[in-house]
Structures are given as C-alpha cells and as structure tokens.
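Biologist: Before I trust any label, I'd like to hear the reasoning behind it. Can we go through this one together?

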Amino acid sequence: MTSFTAGTYTWKDSAYREFMMEVLRNLEPRFAKQGSTLVEELDCNDEIIFCYKGEIFFGYELNKQRHFCIKYQNGCVIGAYGCTYNQRSNHIVYANSNSDCQFIRKTNWKKILDIDEQIAKNFKRKILSDHLNKVHFKIELDKKRKIIKVLQREDYQGLQVLQPKQDSNMMKFIKDMEDQ
C-alpha cells in the first residue's frame, strides 16, 4: 500500500501539482466484485489500482492453499511497486468485499514519472519503502512461520511455495536504510 504523498510537496508547488493532475487525469474506474482475485502470484503488473472503498486482502499461496495475512479497509494501493520497478507480483490480492477502485495503466504511469525527475525519484523511494514495510516483509514473515509449521508436521512430504527473487532495487533500499 502506498499513500502517494511522497516527499514534502504541497499543491502550491507547480511541478507537484502538474504531476498529481496527470495522475488524476489518467485514472479510470474499476469495480472489484467480492470474491475476485485482483492479482495472482507472478502476475505482470500492468496497472496501479487505488481501492478507496471495500476490504482487500494480501497474501500468498503455500501448498496450493491461500493464506491472507494483510487486510486493508477502505484504502489501499495495489501494483505501484510492480509497475514502477517492472516486477512481477510476489503475492495475491483478493477483494473480500465489493470494492470501488480507480486504476492507472502502467504505460501512462511511466509517462507521468517522466514529468519531473525529482518528484519521480521521491515517489519511487516512497513506493519501494511502502511495499517493503507494508506488504513484502509482512507476507514473507507470515510465510516463513507457516513453512516452519508445515515442516514440523509428521505427515510432511513436500513444500510448494513461491520464493521471490532478490530485487536489486529492494536490496539497495535495505542497504541504504542500514547505512542511515
């Protein structure tokens, strides 16, 4: 989830205002029906979805069973990390209720990022930070806990789970955080 207020910009800043107006101009409506899967593991992220009404679950699949460990109510952003950094999804996103959303296509998002280099840099950093702290680390921790439980079972025979590759952007961000 990303809050999309990167940096210390205000609407009085003309570059930020132009950037945000382009985001708003490119939004398209989307409705997510209760029980629908918005994103599967390994899906290409072709859009950023802004859900402003409804309940959205984030999770993963382990041994062909879905596990949801993050819940957002009336506000979350889906796919910002994948669209911005050209990464496939490492998690599942599920609409637990009828949800009203808006979305922006990846091609339009990439053009908007070209409007102002500094604003784009701040947004990219915020998107990466939010993805790591609000989604990635939480899902990976829950997944590791569930894997340990499965491995300890007497009837354990095998394990089927997606292990995300190490993204260089993610690793650089983590190193920068450690250096601070």
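Modeller: Happy to. Keep in mind that this is a predicted model. Let's begin with the helices.

Biologist: What makes α1 and α3 roughly antiparallel?

Modeller: Their crossing angle. The axes of α1 (residues 14-25) and α3 (residues 106-113) cross at roughly 170 degrees and come within 10 Å. Angles over 145 degrees count as roughly antiparallel, so α1 and α3 get that label.

Biologist: Which residues make that contact?

Modeller: On the α1 side you have Phe19, Glu22 and Val23, and they meet Trp109, Ile112 and Leu113 of α3. Sorted by class, the contact has five nonpolar residues, one charged and no polar. Glu counts as charged.

Biologist: Now the sheets. How do you know which strands are at the edge of the one with β1 in it?

Modeller: Look at the pairing. Four strands make an open sheet, in the order β1-β8-β3-β6, with antiparallel pairing. β1 (28-32) and β6 (76-78) each pair on one side only, and those are the edge strands. Direction ignored, neighbouring strands here are turned by 30 degrees against each other on average.

Biologist: What makes β3 and β6 a pair?

Modeller: The bridge count. Two strands pair if there are at least two bridges between them, and three bridges join β3 (residues 47-53) to β6. One residue pair to look up is Cys51, whose bridge partner in β6 is Cys76.

Biologist: And how many bridges does β8 make with β1 and with β3?

Modeller: Five bridges join β1 to β8, and six join β3 to β8. Both pairings run antiparallel. Within them, Pro29 has Gln102 of β8 as its bridge partner, while Glu47 stands opposite Arg105 in β8.

Biologist: Where does α3 sit relative to that sheet?

Modeller: α3 packs on the sheet, touching β3 and β8 (99-105), and its direction makes about 60 degrees with that of β8.

Biologist: What about the other sheet: what is its strand order?

Modeller: β2-β7-β4-β5, again four strands in an open sheet with antiparallel pairing. The strands that pair on one side only are β2 (37-39) and β5 (65-73), so they are the edges. From one strand to the next, the twist averages 35 degrees. Inside the sheet, β4 (residues 55-62) and β7 (residues 92-95) are joined by four bridges, with Phe57 partnered by Tyr94 in β7. Helix α4 (residues 117-152) lies across β4 and β5, at about 45 degrees to β4.

Biologist: Now single residues. Is His91 called buried or exposed, and why?

Modeller: Buried. Its relative accessibility is 11%, and the cut-off for buried is under 20%, so His91 qualifies. His91 is in the loop between α2 (80-85) and β7. Its contacts include Glu40, Glu41, Phe58, His131 and Ile139.

Biologist: And Lys64, buried or exposed?

Modeller: Exposed. Anything over 50% is exposed, and Lys64 has a relative accessibility of 65%, so that is its label. Lys64 is in the loop between β4 and β5.

Biologist: What makes the phi of Lys64 worth a look?

Modeller: Its sign. Most residues other than glycine have a negative phi. Lys64 is not a glycine, yet its phi is positive, about 65 degrees. Asn86 also has a positive phi, near 55 degrees, and lies in the loop between α2 and β7.

Biologist: Last topic, cysteines. How do you know that Cys44 is in no disulfide?

Modeller: By the sulfur distance. A disulfide needs two cysteine sulfur atoms within 2.5 Å. For Cys44 the nearest cysteine sulfur is that of Cys83, 9.9 Å away, and Cys44 is in no disulfide. Cys83 is in no disulfide either, its nearest cysteine sulfur being that of Cys44. Searching the whole structure gives zero disulfides.

Biologist: Why are Cys44 and Cys83 given their accessibility labels?

Modeller: Cys44 has a relative accessible area of 46%. Partly exposed covers the range between the 20% and 50% cut-offs, so Cys44 is partly exposed. Cys83 comes out at 0%, and therefore counts as buried.

Note on methods
Residues are numbered from 1 along each chain as its sequence is written. This is a predicted model: local features need pLDDT of at least 70, side-chain atom pairs count only at pLDDT 80 or more; totals for chains, interfaces and linings use all residues. Side-chain values use heavy atoms; hydrogens and water are left out. Helices (H or I, at least four residues) and strands (E, at least two) are DSSP runs, numbered from the N terminus. Axes are lines fitted to C-alpha atoms, for helices over the stretch in contact, and angles run from 0 to 180 degrees between N-to-C directions. Contact means heavy atoms within 4.5 Å. Angles under 35 degrees count as roughly parallel, over 145 as roughly antiparallel, 65 to 115 as roughly perpendicular and the rest as oblique. Buried means under 20% relative accessible area, exposed over 50%, partly exposed in between (1.4 Å probe, protein chains only). Lists of a residue's contacts leave out its neighbours within four places in sequence.
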